[in-house]
Amino acid sequence: MAGIQEVYDLVSKGKAKVIAGAVQEALDAGCDPADILNKGMIAAMDEIGAKFKLGEIFVPEMLVAARAMKKGVEALKPHLATGAAGAAGKVIIGTVAGDLHDIGKNLVAMMLESAGFEVIDLGVDVPKEKFVEMVEANPDTKIVCCSSLLTTTMPSMKDTVALLNSAPFRSDIKVMVGGAPITQAFADEIGADAYTEDAASCAQRAKELVA
């Protein structure tokens, strides 16, 4: 439908200022809110993620598309069945203790929201105990994402994952790790369930983990 295609195009181009109007027009034209979300916004972000992986676009383009999607979701939220915007499940994300970097984490959080997850962002320099406390406070959490950008905070990530791995709820969650110095080998060594090298892959892998 024309309205959904328009939403798709605006998200792809990162037109955050006009997306809310297009969402409203699509609703007025009788488009299903869930279709606007899935076929308009999430599909556009999937396409953006694919282009990012191929090196056709870069982080700035991805950020503006994710921002447009966020604005679109805000406009759509009142019309969605309760929980549809977070229907994929709940994710807790944070940058590990000692690390103050948040651009990568923020991008991952936006891509996860774009993929339909409800995201609880703990921010930066998050003590390992805080990750555990938040899962205990949100027993419906599906995934915990730990980010690290500095080589010096890799031990902090290791400690965080170790604490999560020893928690009674461990079998109910998946632990994902990422960041510049992190590798698949390191993720395996510390006992994480998944590692992805970029935000687009993270959202895709997250969907697979909860499927």
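The largest pocket has a volume of about 430 Å³. The model in which this pocket occurs is predicted. Its lining comprises 24 residues. Gly-104, Lys-105, Val-108, Gly-178 and Gly-179 lie nearest the pocket centre. By class, 14 of the lining residues are nonpolar, six are polar and four are charged. Helix α5, strands β3 and β4, and helix α9 (199–210) each supply at least two residues of the lining. The greatest contribution comes from α5, with five residues.

Helix α5 (residues 103–114) also has a place in the strand connections. Strand β1 (residues 89–95) and strand β2 (residues 117–121) run parallel and are joined by five bridges. Gly-89 of β1 stands opposite Phe-117 in β2. The chain passes from β1 through α5 to β2. This β-α-β crossover is right-handed.

Strand β1 is mostly covered, with seven of its seven residues buried. Gly-89, Val-91, Ile-93 and Thr-95 point one way from the strand. Lys-90, Ile-92 and Gly-94 point the other way. Both sets are buried, the residues being under 20% relative accessible area.

Strand β1 also pairs with β3, again in the parallel sense, over six bridges. Here Lys-90 stands opposite Thr-141 in β3. Strand β1 therefore has two parallel partners, β2 and β3, given that at least two bridges are needed for strands to pair.

Strand β3 (residues 141–147) pairs in turn with β4, in the parallel sense, over five bridges. Ile-143 has Lys-174 in β4 as its bridge partner. The connection from β3 to β4 runs through helix α7 (residues 154–165). This β-α-β crossover is right-handed. Both β3 and β4 are among the elements that line the largest pocket.

Strand β4 (residues 174–178) is largely enclosed by the rest of the structure, because four of its five residues are buried. Besides β3, strand β4 pairs with strand β5 (residues 194–195). The β4 and β5 strands are parallel and share two bridges. Val-177 stands opposite Tyr-195 in β5. Together with helix α8 (residues 184–190), β4 and β5 make a right-handed β-α-β unit. Gly-178, one of the residues nearest the centre of the largest pocket, belongs to β4, which spans residues 174–178.

Notes:
Residues numbered from 1 in each chain as written. Predicted model: local features only at pLDDT ≥ 70, side-chain atom pairs only at ≥ 80, totals over all residues. Heavy atoms only, no water. Buried < 20%, exposed > 50% of the residue type's maximum accessible area, 1.4 Å probe, protein only. Right-handed = clockwise from strand over helix to strand, strands pointing away. 1 Å grid on protein atoms, 1.4 Å probe; cavity = no way out; pocket = protein on both sides within 12 Å on 5 of 7 lines; lining within 4 Å. Points joined across faces, edges and corners; volume = space filled by probe spheres on them. Nonpolar A, V, L, I, M, F, W, Y, C, P; charged D, E, K, R; others polar.
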